[in-house]
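User: I'd love to talk through this structure with you. Could you show it to me before we start?

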Amino acid sequence: MRHAAVIKRFILLLSVAFAVGIANAENLPRERIPLDADWRFAKGDPTNAPVLQYDVRPKVTDVDDNKSADSEPMAAEKMAATRQSILKPWILPTANPFIKEPAKFHIRPEADPESDISYVKPDFDDSSWQHVNLPHDWAIAGPFHVGRGEGVGGGMGRLPSPGIGWYRKRFDISTNDIGRQIFLDVDGAMSYAMVWINGHLAGGWPYGYASWRVDLTPYLNFGGTNQIAIRLDNPSDSSRWYPGGGIYRNVWLLKVNPVHVGQWGTQLTTPDISLSRATVKLKVTVDNDSTQSVEVSVATKLFALDENGRRKGLAVANIAPAVIQITPHKSGIVEGGEIIENPKLWGPPPSQRPNRYLAVTTIAQNGKIVDEYETPFGIRIIKFIPDEGLFVNGEHISIRGVNQHSDLGALGMAFNERAAQRQLEILHEMGCNAIRTSHNPPAPELLELTDRMGFLVLDEIFDCWNRKKTPLDFHLIFPDWHEPDLRAFIRRDRNHPSVFLWSVGNEVGEQYTGGEGAAVVKELCGIVHQEDPTRLATASMNFAKPDMPFPAALDVISLNYQGEGIRDTPEFAGTKAIHTPPQYDAFHEKFPDKLILSSETASTLSARGTYLFPVTDKDFSPVRDGAGGDSTNQFVSAYELYAVDFGASPDKVFAALDRRPFVAGEFVWSGFDYLGEPTPYYSARSSYSGILDLVGFKKDRFYLYQSRWRPDFPMAHILPHWTWPERVGKITPVHVFTSGDEAELFLNGKSLGRKKKGAYEYRLRWDDVIYQPGTLKVVAYKNGKVWATDEVKTAGAPAKLKLMADRDTICADGNDLSFVAVKVKDKNGIMSPRADNLIHFDIKGPGEIVATDNGAPMDFQPFPSHDRKAFNGFALVIVRGKAGQSGTIKLTATSGKLATGTVFIKTTLKKD
């Protein structure tokens with residue numbers, strides 16, 4: 001009955017202090033307070049504690065995380081009862097606000113479970129625990145698990161992400177807050193989160209990629225100190241890639257009056273748009289968490305935003321106040337609209353600009369403002385024309401997209417806005433205009449960046465449904481949580497103009513189950529349409545064919561590798577894996593009223609700066625030893641012709657798309673290398689599929705995509721490098737990527753011939769070049785005129801280190817970063833493209849080294865190390881300024897007899 005007593009106390013506080021709470025909060029009707037600083041962290045449960053678990057899990061007996069990424073998902077196992085402490089009944093009620101039918105609401109049990117566990121008690125001494133700030137990834141510091149056997153395998157990145165972790169934090173709540181609602185908002189925690197406050201289990205959320213809220217109000221000590229304890233349980237064998245571990249996104253304490261805008265409670269749509277005017281419609285959900293019926297007035301002002309997200313001038317429009325009455329502990333919906341004259345539209349650069357607006361909604365009760373809520377939004381027209389593709393504001397936009405996992409390389413899953421922004425800046429330079437959030441909801445700040453920078457986003461939520469890909473993945477909780485997860489996901493992200501399409505699944509096992517699987521698709525797409533009638537829904541298919549029921553239930557046909565064909569070359573004849581001839585035409589014929597796009601293409605593999613011989617004379621080859629691969633050294637050739645078995649080279653994909661202009665475009669697998677899923681070499685730590693390596697250094701493939709995606713940008717790029725002392729007199733093929741239409745190659749001033757791109761050709765090849773040291777130069781032409789040049793020179797022995805910071809001034813806020821590239825050069829300043837020198841880094845001043853890396857998938861040096869080998873001449877250091885300390889950071893790199901490299905970075909207390 002302890003829980004009932006808490007609720008009675010809470011109701012009494014509300015009824016006594018309702019008016020007082022409004023008065024106390026009059027000047028600050030809504031406070032959203034960062035709660036990231038000063039947490040205590042420990043791994044594992046307390047000694048002699050009962051076995052805590054969200055629910056019964058199947059016993060894992062057959063572990064194989066080295067399966068092909070397109071292996072068929074399997075049916076879930078049936079689970080038996082257990083005597084373990086199952087906390088699912090106390091966690092499920094957190095989902096109730098996102099369940100449509102009240103009859104399906106979960107009822108919290110009366111008693112408080114496991115309140116005697118030492119870690120949840122306010123008086124527990126956690127002073128010996130690790131001090132951390134959030135976002136925090138407990139696994140990224142390592143060490144890596146090398147080899148097979150006990151430990152984390154290659155699929156999950158060989159880092160210690162599985163396990164149980166506890167986070168504790170104390171905070172004060174003033175008596176001035178009596179009468180207010182106090183919520184804990186968590187942007188992401190991996191995974192099976194459970195939140196205790198002052199010894200009471202307040203709620204939680206199992207899906208590690210979800211953003212969620214727990215109401216702390218009934219359990220708080222107003223006028224005193226409060227203790228929060230969060231338990232995470234990250235199962236082994238629960239992911240196909242590195243999931244990280246910990247509270248890896250931001251956490252907030254939200255204080256509002258009992259009457260307030262609900263969680264993600266605004267929805268802005270623009271149903272009628274022209275160059276002269278735009279109709280803006282707004283729906284506001286108002287929660288009444290008080291014990292009284294209330295009458296409130298809801299009004300909204302619309303402002304233009306500048307490119308940095310700041311308000312510009314006076315309101316451009318006002319949505320007239322609307323009055324609504326709301327009964328206790330219920331919600332009400334207010335709808336309204338207004339015209340914005342001469343609207344500035346949101347659209348992707350370079351031909352359009354990502355203009356944005358801000359809706360500021362106020363709720364007034366008895367003439368006093370009790371809540372104010374801000375919603376950024378954009379005005380744009382999205383049209384899908386099946387025979388032509390995607391149109392944004394009337395302009396045909398070819399999707400030039402990439403897939404992105406959530407990890408940030410050496411920073412792990414701990415979200416950092418600057419690191420994410422840097423990735424997008426590099427992708428923008430390549431000509432990328434779209435991101436697919438494979439295969440889960442992204443950090444909220446990522447969508448703020450895509451809104452601001454003008455990227456289109458295919459927003460995806462699930463990698464599996466009822467059928468499993470790994471033994472302990474999301475399929476275990478899908479039956480209970482798919483509806484609340486999906487509704488929360490849509491509500492959180494639906495006002496972002498960058499989001500143009502929802503994806504409810506990726507390569508799910510239900511593709512294989514006929515009508516049963518199609519019924520799941522229909523249910524999920526139905527939820528999407530209920531929550532957001534303005535956008536369409538899809539799911540990515542690597543198996544389902546046009547005559548199957550699965551694609552018929554989708555609004556948009558989204559294909560993974562099937563468009564260009566899967567294992568459709570002779571070497572795969574007779575093998576058991578998926579074989580698929582090119583499918584674009586078949587799907588277009590079957591579904592002429594549906595848009596088709598490729599949500600995954602290519603999956604080309606390479607290790608940056610590594611070239612293996614001989615080179616295939618085809619435009620695509622699967623990786624094999626002696627054919628683009630070297631399993632001994634875990635290398636894949638960077639000639640960018642070699643792919644995973646189910647994938648293809650960029651050249652093959654480009655040709656398939658160019659032959660079918662009805663396809664809206666592609667999302668390449670993948671933009672950056674990512675931790676885990678180290679195809680083709682399971683013993684590595686990270687993937688080989690990125691256009692950029694794990695730290696963001698450009699692979700040669702970057703320039704191939706740039707040549708296609710930025711056809712008006714003069715560029716030419718030669719590969720390979722030209723330092724091959726062992727290849728004198730041997731054939732060393734030279735390839736050129738250029739946005740021009742022809743090029744002439746010169747070796748030491750002698751022409752090796754001028755070549756012109758033919759139909760469906762995307763690179764120029766000189767496959768019979770005999771190596772001799774010196775200078776290799778290309779002159780590219782377009783329409784007969786010189787367009788661009790590039791050259792590579794033979795390097796001497798490594799002689800010096802050169803450091804270059806991407807930003808030489810950063811904010812001293814404890815979050816801002818500078819990414820320092822380290823290049824090994826010879827005495828003449830020529831890059832040493834094969835250098836692997838061990839480099840030591842030293843830092844002085846108000847900064848710290850967060851991580852080092854070199855982009856090599858087979859490097860197991862822990863990321864926090866200040867020692868790092870160069871990989872093919874490059875390494876990276878990530879530097880962070882210390883919070884509150886301005887000054888100058890000095891970063892020094894040394895390596896034996898090489899000349900020392902130094903860079904200076906200024907830290908300031910003000911952020912630009």
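Analyst: Happy to; what follows is a short set of questions and answers on helix packing, a sheet and cavities. This is a predicted model, in which local features need pLDDT of at least 70 and side-chain atom pairs count only at pLDDT 80 or more, while totals for chains, interfaces and linings use all residues. Residues are numbered from 1 along each chain as its sequence is written, and side-chain values use heavy atoms, with hydrogens and water left out.

User: At what angle do helix 3 and helix 10 pack?

Analyst: Helices here are DSSP runs of H or I with at least four residues, strands are runs of E with at least two, and both are numbered from the N terminus. Axes are lines fitted to C-alpha atoms, for helices over the stretch in contact, and angles run from 0 to 180 degrees between N-to-C directions. Helix 3 (residues 417-430) and helix 10 (residues 700-709) have axes 8 Å apart, and their packing angle is about 55°.

User: Which residues of helix 10 make the contact with helix 3?

Analyst: Contact means heavy atoms within 4.5 Å. Helix 3 contributes Ile426, Glu429 and Met430, and its partners on helix 10 are Phe702, Tyr705, Gln706 and Trp709.

User: Which strands stand at the edges of the sheet with order 36-37-40?

Analyst: Three strands form this open, antiparallel sheet, where two strands pair if DSSP finds at least two bridges between them. Strand 37 (residues 734-738) pairs with strand 40 over three bridges, and valine 736 faces leucine 764 there. Each edge strand has a single partner, so one side of it is left without a neighbour in the sheet; these are strand 36 (716-719) and strand 40 (764-766).

User: What volume does the largest cavity have?

Analyst: A cavity is a set of points on a 1 Å grid over the protein atoms alone where a 1.4 Å probe fits but cannot get out, and lining residues have an atom within 4 Å of a point. Grid points are joined across faces, edges and corners, and a volume is the space filled by probe spheres set on the points. The search of the whole structure gives nine cavities of 30 Å³ or more, and the largest has about 330 Å³.

User: Which element gives the most to the lining of the second largest cavity?

Analyst: The second largest cavity holds about 210 Å³ and is lined by 20 residues, with Gln404, His405, Ser406, Pro442 and Leu446 nearest its centre. Strand 24 (434-436) supplies at least two lining residues. The most, four residues, come from helix 3.

Key
On a 1 Å grid over the protein atoms alone, a cavity is a set of points where a 1.4 Å probe fits but cannot get out, and a pocket is an open set with protein on both sides within 12 Å along at least five of seven lines; lining residues have an atom within 4 Å of a point.
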